[in-house]
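User: I should like to learn how the features of a model of this kind are read. Please take me through them one at a time.

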Amino acid sequence: MKRTISTDDAPAAVGAYSQATTNGSLLFTAGQLPLTTDGELLDDESVATQTEQSLDNVMAILAEEGADASDLLKVTIFLDDIEDFDEMNETYGTYFDAEPPARSAVEVGSVPKGAALEIEAIADVE
Ligand SMILES: C=C(N)C(=O)O
């Protein structure tokens with residue numbers, strides 16, 4: 001049965017969506033913008049900082065279900081500009097040791113609220 005996940009440790013949704021949903025062992029996060037828990041968008045910060053904030057939001061949602069980075073199955077990164085790939089990739093790599101999740105990283109033209117990127121993930125939380 002579907003359940004929605006909600007935590008104060010990740011930013012509130014900026015639209016009609018849940019921070020995450022789960023059904024059995026699979027958890028699906030919404031795309032995480034580089035928003036702080038106070039709702040501040042870090043769009044003027046570096047791509048590295050925006051990557052950290054979006055990933056920290058993903059991790060906070062996982063933590064709500066007692067999960068962590070090792071439980072991630074797939075991550076999708078939507079970039080405003082593919083030229084930001086290397087900077088994002090370097091920061092992203094610091095979050096994972098061995099056996100990182102599958103990942104796709106694509107340029108999408110633009111990301112909501114003028115952010116440099118948005119990150120969504122699927123995890124096994126059983
Ligand atoms: C930011 C989003 N995840 C959205 O608008 O769907």
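**Reading the model, feature by feature**

Analyst: The residues around the ligand are Tyr17, Gly31, Leu33 and Glu118, where a residue is listed if one of its heavy atoms lies within 4 Å of the molecule. This is a predicted model, in which local features need pLDDT of at least 70 and side-chain atom pairs count only at pLDDT 80 or more, while totals for chains, interfaces and linings use all residues. Residues are numbered from 1 along each chain as its sequence is written, and side-chain values use heavy atoms, with hydrogens and water left out.

User: Which atoms of glycine 31 and glutamate 118 lie close to a nitrogen atom of the ligand?

Analyst: The term to apply is the polar contact, a pair of N or O atoms within 3.5 Å; within protein, one must be able to donate a hydrogen and the other to accept it, and residues adjacent in sequence count only if both atoms are side-chain atoms. For glycine 31 a backbone N or O atom lies 3.0 Å from a nitrogen atom of the ligand. For glutamate 118 an N or O atom of the side chain is 3.1 Å from a nitrogen atom of the ligand.

User: How is the sheet to be read, and in what order do the strands stand?

Analyst: Helices (H or I, at least four residues) and strands (E, at least two) are DSSP runs, numbered from the N terminus. Two strands pair if DSSP finds at least two bridges between them. Here six strands make an open sheet of mixed pairing, in the order S1-S2-S3-S6-S4-S5. Strand S1 (2-5) and strand S5 (102-107) are at the edges with a single partner strand each, so one side of each has no neighbour in the sheet. On average, neighbouring strands of this sheet are turned by 15° against each other, direction ignored; axes are lines fitted to C-alpha atoms, for helices over the stretch in contact, and angles run from 0 to 180 degrees between N-to-C directions.

User: How many bridges join the antiparallel pair S4 and S6?

Analyst: Seven bridges join S4 to S6, and in this pair phenylalanine 78 stands opposite glutamate 118 in S6. S3 and S6 are also antiparallel, over three bridges, with isoleucine 122 in S6 as the bridge partner of phenylalanine 28. Strand S2 (residues 20-23) and strand S3 (residues 26-29) pair in the antiparallel sense over four bridges; there, asparagine 23 stands opposite leucine 26 in S3.

User: Which strands does helix H1 touch?

Analyst: Contact means heavy atoms within 4.5 Å. Helix H1 (residues 47-64) packs on the sheet and touches S1, S2, S3, strand S4 (72-79) and strand S6 (117-124), its direction making about 30° with that of S6. Helix H2 (residues 85-93) lies across S4, S5 and S6 and runs at about 155° to S5.

User: How should a salt bridge be read, and how many are there?

Analyst: Side chains of opposite charge can pair when their charged atoms come close. The rule is a side-chain nitrogen of Lys or Arg within 4 Å of a carboxyl oxygen of Asp or Glu. The count comes to one salt bridge. Arginine 3 forms a salt bridge with glutamate 65, the closest N and O atoms being 2.8 Å apart. Arginine 3 is in strand S1 and glutamate 65 in the loop between H1 and S4, so the pair ties together parts 62 residues apart in sequence.

User: Is glutamine 19 buried or exposed?

Analyst: Buried means under 20% relative accessible area, exposed over 50%, and partly exposed in between (1.4 Å probe, protein chains only). Glutamine 19 has 6% relative accessibility and therefore counts as buried; its place is in the loop between S1 and S2. The side chain of glutamine 19 reaches the backbone nitrogen of threonine 7 at 2.6 Å, and a polar atom of that side chain lies 3.2 Å from the backbone oxygen of alanine 10. Not counting residues up to four places away in sequence, glutamine 19 touches several others, including Ile5, Phe28 and Ile61.

User: What is the sign of phi in glutamate 99 and lysine 113?

Analyst: Most residues other than glycine have a negative phi. Glutamate 99 has a positive phi, near 50°, and lies in the loop between H2 and S5. Lysine 113, in the loop between S5 and S6, has a positive phi near 65°. Glutamate 99 counts as exposed at 77% relative accessibility, and lysine 113 counts as exposed at 54%.
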